[in-house]
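Grab your viewer and work through these exercises one at a time. Try each task before you read the solution under it.

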Amino acid sequence: MKTLIRTAVTAAALVTVAAACTSSTGEAPVPPKKTTLGAVRLVAYTSCDDMLAGLREKAAANVGPWGFGGVMPLTARAEDTAAITPNAKTAVPEHSTTNVHEAGVDEPDLVKTDGNRVITVTGGTLRVVDTATRKVTSTLKLTEGDERVFAPADLLLSGDRALVLFRGYGDIMFKGRSMVPLGDTRYVLVDLSGGPKVLSTVKPQGTYVDARMVGSTVRIVTRSQPEITLPQPKEDASEAERIKANQAAVRQAPIDAWLPKIEITDTSGAVRKDAVRCERVSHPADYTGTSLLTVHTLDLAQGVTATGTDPISLAADGDIVYGTGTSLYVASNPRWWSFPMPIEDTPDAAPAEEPTPEEPKPTPTIPPEETEIHRFDVASPGPPSYVASGKVNGRLLNQYSMSEHDGHLRVATTLTSADGKNSSSTVHVLKADTLAKSGEVGGLGEGERIYSVRFIGPIGYCVTFKQVDPLYTLDLRDPAAPKVTGELKITGYSAYLHPGGEGRLIGIGQEASEQGRTLGTQVSLFDVSDPASPRRLSQLFQKDSGSEAEWDPHAFLYWPKTGLSVIPLTQQTESGALVLKIDDSGVSKLGMIKHPVQEGQDYQPGIQRSMVIGETIWTFSQEGIQVNDAATLASQAWIPLR
């Protein structure tokens, strides 16, 4: 028996190869090719037969000699604003929350708090820490065996309910320290009102992409591929013959091969199996038939009801999720090419034979750099409804490349030429109801790519970089005529931008030499009160260092009340959390928080998250939690998690 595995080769890698092959020709760089793209209509299938016919033909057109290529997300997940949670009761200490993109829209993270409790999942075990006694008060093992012990998990918290989201096999995500997920995709609802207990477990088909929570309602996005058994090819079969045989198998596949399946286990252990119904699946006008996006809806206050998670599906790809209080966007970046290769299940299997010289080898074609975006309406309780789908030229950096404001979606992308020698960035403005284009402003960072984006109301900020860092300010008040209003060129770049108060912008990134070589972490404070003349007021530089906050803003803490800011920092000789004070005039260093070296280890534990609770700073690593005085940084408690 043969199994399909995928070797992911990115379009960017193909561009690099192409550039290397032509670098000696002396030809001029080919400018990025732009096409006219507008709204893409979402179409519901008229019946299961209509759905099956459409999916078969689209999938058959996209199957290769070794199976389906796939979208493999390489996601630098990013999020924003550490909002202050007001005291609902006098007993609840003032505390920070997860740094999220949009206020009121919570995002899954490694740790959550309500001020009285800290909830975290490490090593497959959920732990509840009392913030008053600073002790672990209860634990709940959520793994199904020792093989799951390193399974990474994200958390959402609402009242006495926690939702633990485990990633599945095959989902290549860069999230914290976890690089290779283990186990099945699972969403576990836990009751925290007494000793923690599992209320229900949802096992969707596919892999977890991301989730957003408004109030107590969570929308979870998963991605799945059709389950089709392809024929074992003859040893001397040509690639054309393999493709033909695979297409025949696809055209005979039943509808169940595509419809995503769901398994729900309740508190008693009873298992209910279901699948997305045909009438709840839609498709854009142009799609591949090789993957489906499914949105599950779960109200943490009500739990899993008789309707399960009310799933709806879209025949599309997606790897970036952005949400507001009324909209959920899922974007699919230009395809990361995958070339499935056959291997035997037995350990002593012989490697696949190379094609004979007479057999023509397939020539990978770099797909156009176009990003497809789908919008769902989540303003009402229950499952979302599809609104529109659209395309823009270029590639998104992360969810911060999108921002909905005043009936429009702003989208920042970088478009690279086919030979990889030229690039430029554009901010597109789309109508939110149709995702048709209203306007755009391009020509940002010629020869560079976007390193960070931030939209704040009608103003946009965009950082591009290759050797120096232009920070562009954008006036987006007129959707039909967005424009660049100012530009600041400095060395290095900001990989994450955060609002720092009226007329101020905080940047976390890397300082660099004039030649573009990175030198270490820098934290910048920009004065953007005059959009025509942005300037840097202050810079703090830590030589030969890096911070997780550069690629995951959940790691960034900013407490506006006192100007306290904390970011993880990794240096050549030590790791910890850099504590700063950022006020209206500048950035200053207060000190470093370090976790104790554990017995049997010879390295400093890497701090991943931090939060303010009352008058203390809580920092989190895989080894434990440390509590420090916010004023003196003196250590007050160590809570081991191992």
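**Exercise 1. Work out how much of the chain's contact list is long-range, then get the overall picture.**

Step 1. Count contacts (heavy atoms within 4.5 Å) with a separation of 6 or more: 58% of those in the chain are between residues 24 or more positions apart.

Step 2. Keep in mind what you're looking at. This is a predicted model, where local features need pLDDT of at least 70, side-chain atom pairs count only at pLDDT 80 or more, and totals for chains, interfaces and linings use all residues. Residues are numbered from 1 along each chain as its sequence is written, and side-chain values use heavy atoms, with hydrogens and water left out.

Step 3. Tally the secondary structure: the chain has three helices and 48 strands. Here helices (H or I, at least four residues) and strands (E, at least two) are DSSP runs, numbered from the N terminus.

Step 4. Now burial. Of the 642 residues in the chain, 56% are buried, where buried means under 20% relative accessible area, exposed over 50%, and partly exposed in between (1.4 Å probe, protein chains only).

Step 5. Finish with the surface: about 26900 Å² is accessible, and carbon and sulfur atoms hold 52% of that. The areas come from the Shrake-Rupley method with a 1.4 Å probe; for residues, only the protein chains shown count as cover.

**Exercise 2. Check the length of helix α3 and find which side of α3 is buried.**

Step 1. Helix α3 covers residues 239–252, so its 14 residues should span 20 Å at 1.5 Å a residue, and its end C-alpha atoms are indeed 20 Å apart. The expected span is 1.5 Å times one less than the number of residues.

Step 2. List the buried residues of α3: Glu239, Arg242, Asn246, Ala249 and Val250. They sit on the same side of α3, because their arc around the axis is only 100 degrees. That arc is taken over the directions from the helix axis to the C-beta atoms.

Step 3. Flip to the other side of α3, and you'll find Ala240, Lys244 and Gln252 exposed.

Step 4. Look for the cover: α2 (48–62), β4 (63–64) and β5 (67–68) are among the elements over the buried residues of α3.

Step 5. Run the length check on α2 too: 15 residues should span 21 Å at 1.5 Å a residue, which agrees with the 21 Å between its end C-alpha atoms. The buried residues of α2 are Met51, Leu52, Gly54, Leu55, Ala59 and Ala60, and they pack against β4, β5, α3 and β20 (281–284).

**Exercise 3. Trace the open sheet that contains β12 and find its edges.**

Step 1. Follow the six strands in the order β12-β13-β14-β15-β18-β19, with antiparallel pairing. Two strands pair if DSSP finds at least two bridges between them.

Step 2. The edges are β12 (153–158) and β19 (271–275), since each pairs on one side only.

Step 3. Inside this sheet, five bridges join β14 (residues 186–191) to β15 (residues 197–204). Tyr187 is opposite Val202 in β15.

**Exercise 4. Dissect the β32–β33 hairpin.**

Step 1. Strand β32 (residues 449–456) has six of its eight residues buried, so the rest of the structure largely encloses it.

Step 2. Seven bridges join β32 to the antiparallel β33 (residues 459–465), with Arg454 opposite Tyr461 in β33.

Step 3. Two residues separate the strands of this hairpin, and Gly457 in the turn has a positive phi of about 60 degrees.

**Exercise 5. Compare the settings of two positive-phi residues that aren't glycine.**

Step 1. Recall the background: most residues other than glycine have a negative phi.

Step 2. Asp406 has phi near 55 degrees. Asp406 lies in the loop between β28 (402–405) and β29 (408–416), and is exposed at 69% relative accessible area.

Step 3. Leu435 has phi of about 60 degrees. Leu435 belongs to the loop between β30 (423–431) and β31 (437–444), but is buried at 0% relative accessible area.
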